[in-house]
Amino acid sequence: MDFGGSHRRRFNSYIDHMRGIYGSRVQKLAIDAGFTCPNRDGTKGRGGCTFCLNDAFNPSYCDPARPVRQQIAEGIEFHRKRYKRACNYVAYFQAYSNTHAPVSRLTDLINEALGIEGIVGIVVATRPDCVDDEKLGLFRALSDQYYVMIEYGIESVFNKTLERVNRCHSFEDTARAIRMTAARGIRAGGHMIFGLPGETRDEMLQSAGIVSELPLTSIKFHQLQIFRGTAMEQEYLKNPGDFHLFGMEDYLEFLADYIELLNPGFIIERVAAETPPRYAFLPSWGPRYDTVLMKFERLLEERNSWQGKRFVFKL
Ligand code: SF4
């Protein structure tokens, strides 16, 4: 396959995808709109997933005590200073489960975000068991006018893993929600974690074929990070041998193998997690995300790897 030298990426990147639609970089602005999660408030469970520490994922300007409008304005200001180039923005409802509320509340919050100049769409992170016909109807209607994506936490395709991390939903729930979303013409994104306890490298690689059969628009990959104060930290201290915590070089080799097996139609939005070192118990890689991404792209070239190189199309 000819990649035209080093200028063409060896995977479908989200940045290129958005640039293709809007003609410029589109920056996601994370919002904490004050949602909770059915796995925390008792609807499905208490205590949450064993790895979850939302503070570690949220940028500092996210504060549920501030209105969505204010969070977005501060986010735009933050990114204008840092990047000096983004001119379109997507409101990213990130913290906890952002469809875990009545449709009337979702409508108000989303309209508040979409009413701000420069916001071209929304990305809504949620759990697969937090959508239904009525909520998807709202997103379907918005999709005619705006960029709309629902981002589902898949985390693992194996129910033994989902049970072990106290996810309180199954992979069948995930597949159903993603299919319902895509069937309505709404973009569906997915999020995977590599290194969850009890999963072997072979199982993780095997998951590429399973995920590839879902009608996803995009996918994000994270290495497992264990955060201070989580149930997983305690579990790790008791049974460290049950975990495969990736070092950076090992992870990038693994991910290169993984994307060779991945559906070449998916857009890859992230290849690794980056969280402030103060939250991480283990492992701490050091380099910033941009450096990790550069290393990954270099590795793909060295190996002559590309997304879908070993993907098997099923009729
Ligand atoms: S579903 Fe998401 S927000 Fe809820 S506990 Fe799990 S990781 Fe945290």
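Reader: How many Å should the twelve residues of helix α8 span, and how far apart are its end C-alpha atoms?

Author: Good place to start, and keep in mind that this is a predicted model. A helix can be checked by its rise of 1.5 Å a residue: helix α8, residues 201–212, should span 16 Å, and its end C-alpha atoms lie 17 Å apart, which agrees.

Reader: Which residues in α8 are buried?

Author: In α8 they are M204, S207, V211 and S212. Viewed down the axis of α8, these buried residues fall within an arc of 125°, so they line one face of the helix.

Reader: Why do residues three or four places apart point the same way in an α-helix?

Author: An α-helix has 3.6 residues a turn, so a step of three or four places brings you back to a similar direction.

Reader: And what covers the buried residues of α8?

Author: The cover includes three strands: β4 (147–155), β5 and β6 (218–223).

Reader: Let me try another helix. What span should α3 have, and what does the model show?

Author: Helix α3 runs over residues 68–83, and its 16 residues should span 22 Å; the end C-alpha atoms are 22 Å apart, in agreement. Its buried residues are V68, Q71, I72 and G75. Around the axis they cover an arc of only 95°, which puts them on the same side of α3.

Reader: Which residues are exposed on the other side of α3?

Author: There you will find Q70, E77 and K81. The buried residues of α3, for their part, pack against β1 (26–31), β2 (88–93), α4 (103–114) and β3 (119–126).

Reader: What should I look at just after α3?

Author: Look at the backbone of K84, where phi is positive, at about 55°.

Reader: Where else does a residue other than glycine have a positive phi?

Author: One case is C168, with phi near 65°. C168 sits in the loop between α6 (159–164) and α7.

Reader: Is C168 buried or exposed?

Author: Count the C-beta neighbours inside 10 Å: C168 has 21 of them and so counts as buried. Now compare N304, whose phi is near 55° and which is also a residue other than glycine. N304 has 10 such neighbours inside 10 Å and counts as exposed.

Reader: Where is N304 placed?

Author: N304 belongs to the segment after α11 (289–303), and its positive phi comes just after that helix.

Reader: Then how does α11 itself look: what is its reach, and which of its residues are buried?

Author: The 15 residues of α11 reach 21 Å from the first C-alpha to the last, close to the 21 Å expected at 1.5 Å a residue. Its buried residues are V292, F296 and L300. They fall within an arc of 80° seen down the axis of α11, so they line one face of the helix. On the other side, D290, M294, R298 and E302 are exposed. The buried residues of α11 pack against α10 (248–261).

Reader: How do I read a single residue in a loop, and where is I186?

Author: Ask where the residue sits, how crowded it is and what it touches. I186 lies in the loop between α7 (171–183) and β5 (187–194). I186 is buried, with 20 other C-beta atoms within 10 Å. Setting aside neighbours within four places in sequence, I186 contacts L136, F139, R140, S143, V148, I150 and T181. From R288, I186 is 102 residues apart in sequence and 32 Å apart in space, C-alpha to C-alpha.

Reader: Which residues are around the ligand?

Author: They are C37, N39, R40, G48, C49, C52, Y96, S97, R127 and G153. By character, this shell divides into four nonpolar, four polar and two charged residues.

Reader: Finally, how many helices and strands does the protein chain have?

Author: The chain has eleven helices and nine strands. Its radius of gyration is 19 Å, close to the 20 Å that the globule rule gives for 315 residues, so the chain is as compact as a globular protein of that length. The C-alpha atoms fill a box of roughly 50 × 45 × 45 Å along the principal axes, and buried residues make up 41% of the 315 residues.

Reader: What share of the contacts joins residues 24 or more positions apart?

Author: Among contacts with a separation of 6 or more, such residues account for 84%.

Terms used: Residues are numbered from 1 along each chain as its sequence is written. This is a predicted model: local features need pLDDT of at least 70, side-chain atom pairs count only at pLDDT 80 or more; totals for chains, interfaces and linings use all residues. Helices (H or I, at least four residues) and strands (E, at least two) are DSSP runs, numbered from the N terminus. A residue is buried if 20 or more other C-beta atoms lie within 10 Å of its own, exposed if 12 or fewer, and partly exposed in between; C-beta atoms are placed from the backbone. Two residues are in contact if their C-beta atoms, placed from the backbone, lie within 7 Å. A residue is near a molecule or strand if its C-beta atom, placed from the backbone, lies within 6 Å of it. Ala, Val, Leu, Ile, Met, Phe, Trp, Tyr, Cys and Pro count as nonpolar, Asp, Glu, Lys and Arg as charged, and the others, Gly among them, as polar. The radius of gyration is taken over C-alpha atoms; the globule rule is 2.2 Å times the number of residues to the power 0.38. The expected span of a helix is 1.5 Å times one less than its number of residues. The arc is that of the directions from the helix axis to the C-beta atoms.
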